[in-house]
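Please look over the following fold with its strands and helices in view. The notes below are arranged by topic for a reader at the bench.

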Amino acid sequence: MTHLSGAERAIYVQNMFTRIAGRYDLMNRLMTGGQDVRWRKMAVALAALPPGGRLLDLGTGTGDIAAEALRVTPTILSVGGDFTLEMMRVGKSDPSRRAIRFVASDALNLPFPDNTFDAATSGYLMRNVIDVNHVWAEQYRVLKPGGRVVCLDTSPPPRSILYPFINFHLYVVIPALGRLITGASDAYTYLPDSTVNFLSAEKLAERMTQAGFKNVQFKRLVLGAMAIHWGVK
């Protein structure tokens, strides 16, 4: 469905995540062999939240990153923003996540004042948005000066001797798991399609710099099929 654009793509993505919300966390654990938990810990560490600070976890889904940030620094205000309400409803049903402030949020038009947050994180958001530049600009706007942005997302895997194995996992294993666990194999066909058609790690870093972020860096994970980016306002 990566050929869709604009509002049509946004509606498709929203409906897709609504359908898989109840099994989303389980699928993430199975697809990654549990490594997604470690990657989210990395994202929180890079956010470097101060005691009593404010976090915006954008595209929060069920609140995995927002919850991890609270576990590490319980005194923060952890705000989880998403435009798929069903994902946040699943998160709110978990007693361990009740301290998260879930807020209906469109990444293109955030409902927060300028200079509000000490850090903005996102996990698997950017490849789904219809305007990457505008979403970076919105995160820049709501961050305080000196605030940090951290982005965890899939990335087009580089061609290498291991590329056929990565491709097999993306296009065979993941859709099969999606069909078995969620009954929505189309959602997990969209995932590899959106991954290979997304910006390279280098180009995503360039977009961050263009939005005004300084000291932009990234690290590739999982043989290059994942990347974590970070920078400072």
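**Briefing on the predicted model**

In this predicted model, strand β4, helix α6 (residues 132-142) and strand β5 together form a β-α-β unit that is right-handed. The two strands of that unit, β4 (residues 117-123) and β5 (residues 143-154), are paired in the parallel sense through six bridges. They belong to an open sheet of seven strands with mixed pairing, in the order β3-β2-β1-β4-β5-β7-β6.

**The sheet**

- The edges of the sheet are formed by β3 (101-104) and β6, each of which pairs on one side only, and the twist from one strand to the next averages 15 degrees.
- Within the pairing of β4 with β5, Phe 117 lies opposite Leu 143 of β5.
- On the way to β7 (residues 226-232) the sense changes to antiparallel, with seven bridges joining β5 to β7, and here Asp 153 is found opposite Ala 227 of β7.
- Strand β1 pairs with β2 (residues 77-82) in the parallel sense over five bridges, and Arg 54 has Leu 77 in β2 as its bridge partner.

**Helices packed on the sheet**

- Helix α6 packs on the sheet and touches β1, β4 and β5, while its direction makes about 145 degrees with that of β5.
- Helix α9 (residues 201-210) also packs on the sheet, where it touches β5, β6 and β7, and its direction makes about 160 degrees with that of β6.

**The contact of α2 with α3**

- The axes of α2 (residues 24-32) and α3 (residues 35-47) come within 7 Å of each other and cross at roughly 100 degrees; the two helices are therefore roughly perpendicular.
- From α2 the contact draws on Asn 28, Arg 29 and Thr 32, and from α3 on Gln 35, Asp 36, Val 37, Trp 39 and Arg 40.
- By character, the residues of this contact comprise two nonpolar, three polar and three charged.

**Residues with positive phi**

- Ala 48, although not a glycine, has a positive phi of about 50 degrees; this residue sits in the loop between α3 and β1 (54-58), and because its relative accessibility is 48%, Ala 48 counts as partly exposed.
- Asn 215, likewise not a glycine, has a positive phi of about 50 degrees; Asn 215 is located in strand β6 (residues 214-221), and its relative accessible area of 58% means that Asn 215 is exposed.

Technical notes. Residues are numbered from 1 along each chain as its sequence is written. This is a predicted model: local features need pLDDT of at least 70, side-chain atom pairs count only at pLDDT 80 or more; totals for chains, interfaces and linings use all residues. Side-chain values use heavy atoms; hydrogens and water are left out. Two strands pair if DSSP finds at least two bridges between them. Helices (H or I, at least four residues) and strands (E, at least two) are DSSP runs, numbered from the N terminus. A crossover is right-handed if, with the strands pointing away from the viewer, the path from the first strand over the helix to the second runs clockwise. Axes are lines fitted to C-alpha atoms, for helices over the stretch in contact, and angles run from 0 to 180 degrees between N-to-C directions. Angles under 35 degrees count as roughly parallel, over 145 as roughly antiparallel, 65 to 115 as roughly perpendicular and the rest as oblique. Contact means heavy atoms within 4.5 Å. Ala, Val, Leu, Ile, Met, Phe, Trp, Tyr, Cys and Pro count as nonpolar, Asp, Glu, Lys and Arg as charged, and the others, Gly among them, as polar. Buried means under 20% relative accessible area, exposed over 50%, partly exposed in between (1.4 Å probe, protein chains only).
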